[in-house]
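Please open the structure in a viewer and keep the selection panel at hand. The tour below proceeds stop by stop, stating at each one what to select and what is found there.

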Amino acid sequence: MQTIIEVKNLTHVYTDSENKEIKALDGINLEIRQGEFVAVIGANGSGKSTLARHFNALQRPSEGVCLIEGMDTTVEENLWDIRQHVGMVFQNPDNQIFASTVKEEVGFGLKVLGENAKVIEKNVAEALAVTGLEGYENMSPFVLSKGVRQRVAVASVLSVKPEAIILDEPTTGLDYQHQRGSLDMLKRLNKKGHTVVIITHSMWIAEEYADRCIVMKDGEIISDGKTRAVFADED
Ligand code: ADP
Ligand code: MG
C-alpha cells in the first residue's frame with residue numbers, strides 16, 4: 001500500500017513564555033499507509049496533538065522530516081497540495097465552523113479551491129450523505145447539537161475528498177450514542193479507502209475501531225503495532 005505519511009526522526013521543541021525549551025516530540029519515526037485506521041493514544045501532554053499538527057503542515061519539525069505522499073511539509077509550495085491530501089478535524093468543532101448554513105460550511109473548502117458550482121454541489125451532497133446530514137443543508141450550524149456540529153466539521157473536511165483524515169479527540173464531550181455515530185461513520189469511510197488517524201483518550205475506541213495503535217509517552221512512541229498486540233502487552 002502507498003505510504004501517505006512518513007515521519008523520520010521528528011523532533012519538535014516549543015519555547016514557552018519564560019524562554020524555556022519544551023521537547024514535545026523526541027525522535028519520532030513512523031509510516032502510515034493508505035487505508036489504515038490508526039489510533040494514537042497516550043496521556044495528556046505526551047505529544048499527540050503536536051504530532052497530528054505535523055501531518056497537515058500546521059507545525060514544522062524542529063529536527064527531522066515529515067513527508068505527506070512524499071511532499072516535504074517545510075516546503076511552502078507543497079502546502080496547498082498537502083492540505084488537500086490530509087484533512088484535519090480539531091477537538092472543538094466550533095474552532096472550524098463559521099458559515100451561516102451547513103451547506104455553505106461544508107462547501108467552503110471547495111470554494112477556496114476554486115471548484116465550479118456543479119462540483120461543489122455534488123461533493124457537498126456526498127459529504128452530507130456520508131455524515132448523515134441530509135436535511136440539515138439550510139440550517140445554521142450554531143443551532144445544532146455538539147454531536148451534529150462535529151459531523152459538520154467532518155463533512156467540511158470530507159467534501160474536499162482528502163486521502164487521509166486526522167481527528168484530534170473528535171468525540172470528547174459527545175454522549176455515547178453520538179460517539180458511536182461518529183466512529184461508525186469513520187469506519188465506513190475507512191472501508192471506502194480513506195486513511196483514518198484518530199487521537200483518542202478512550203481505550204475502547206482504539207480497541208474496537210483501530211487496526212493499529214500507536215502509544216505515546218513524553219514525546220516518544222513507546223508502542224506501535226496491531227491494536228490487539230499492543231493491548232495484550234501489559235506494560
Ligand atoms: P497531547 O496532545 O498528547 O496532550 P501536546 O502535543 O498538546 O500533547 O503537548 C505536548 C507537550 O508540549 C506538552 O508538554 C505541552 O505542555 C507542550 N506544548 C503544547 N503546545 C505548546 C505551546 N504552544 N507552547 C509551549 N508548549 C506547548
Ligand atoms: Mg492533545
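A polar contact is a pair of N or O atoms within 3.5 Å. The model on display is predicted.

**First stop: ligand 1**

Select ligand 1 and then glycine 45. A backbone N or O atom of glycine 45 lies 2.7 Å from an oxygen atom of the ligand. Add lysine 48 to the selection: here a polar side-chain atom is placed 2.8 Å from an oxygen atom of ligand 1. Continue to serine 49, where a backbone N or O atom is 2.9 Å from an oxygen atom of ligand 1. Considered alone, ligand 1 exposes 560 Å², and the protein buries 65% of that area.

Now extend the selection to the residues that surround the ligand. They are Tyr14, Ile22, Ala24, Ala43, Asn44, Gly45, Ser46, Gly47, Lys48, Ser49 and Thr50. By character, this shell comprises 4 nonpolar residues, 6 polar residues and 1 charged residue. Which elements each supply at least two residues of the shell? They are β2 (21-33) and α1 (48-55). With 3 residues, α1 gives the most to the shell.

**Second stop: asparagine 56**

Next, select asparagine 56, in the loop between α1 and β4 (63-68). Is asparagine 56 buried or exposed? Its relative accessible area is 6%, and because the cut-off for buried is under 20%, asparagine 56 counts as buried. Display the side chains around it: apart from neighbours within four places in sequence, asparagine 56 is in contact with Ile82, Arg83, Val86 and Met88.

**Third stop: helix α5**

Select residues 146-158, which form helix α5. This helix has 13 residues, and from its first C-alpha to its last it reaches 18 Å, close to the 18 Å expected at 1.5 Å a residue.

Colour the helix by accessibility. Since 12 of its 13 residues are buried, α5 is largely enclosed by the rest of the structure. The buried residues are Gly147, Val148, Arg149, Gln150, Arg151, Val152, Ala153, Val154, Ala155, Ser156, Val157 and Leu158. What covers them? To see the cover, show β6 (86-89), α3 (102-112), α4 (117-130), β7 (164-168) and α6 (176-191), which are included in it.

**Fourth stop: histidine 178**

From the cover of α5, move to helix α6 and select histidine 178 there. Histidine 178 is partly exposed, having a relative accessible area of 26%. Then select arginine 151, one of the buried residues of α5. Histidine 178 and arginine 151 are 27 residues apart along the chain, and their C-alpha atoms are separated by 9.6 Å.

**Last stop: two asparagines with positive phi**

The final selections concern the backbone. Most residues other than glycine have a negative phi. Select asparagine 9, in strand β1 (residues 3-15). Although not a glycine, asparagine 9 has a positive phi of about 50°. Asparagine 9 is partly exposed, with a relative accessible area of 42%.

Then select asparagine 19, in the loop between β1 and β2. What is the phi of asparagine 19? It is positive, at about 65°, although this residue is not a glycine. With a relative accessible area of 65%, asparagine 19 is exposed.

Terms used:
Residues are numbered from 1 along each chain as its sequence is written. Chains are lettered from A and ligands numbered from 1 in the order in which they are written. This is a predicted model: local features need pLDDT of at least 70, side-chain atom pairs count only at pLDDT 80 or more; totals for chains, interfaces and linings use all residues. Side-chain values use heavy atoms; hydrogens and water are left out. Helices (H or I, at least four residues) and strands (E, at least two) are DSSP runs, numbered from the N terminus. The expected span of a helix is 1.5 Å times one less than its number of residues. Buried means under 20% relative accessible area, exposed over 50%, partly exposed in between (1.4 Å probe, protein chains only). Contact means heavy atoms within 4.5 Å. A residue is near a molecule or strand if one of its heavy atoms lies within 4 Å of it. A polar contact is a pair of N or O atoms within 3.5 Å; within protein, one must be able to donate a hydrogen and the other to accept it, and residues adjacent in sequence count only if both atoms are side-chain atoms. Accessible areas come from the Shrake-Rupley method with a 1.4 Å probe; for residues, only the protein chains shown count as cover. Ala, Val, Leu, Ile, Met, Phe, Trp, Tyr, Cys and Pro count as nonpolar, Asp, Glu, Lys and Arg as charged, and the others, Gly among them, as polar.
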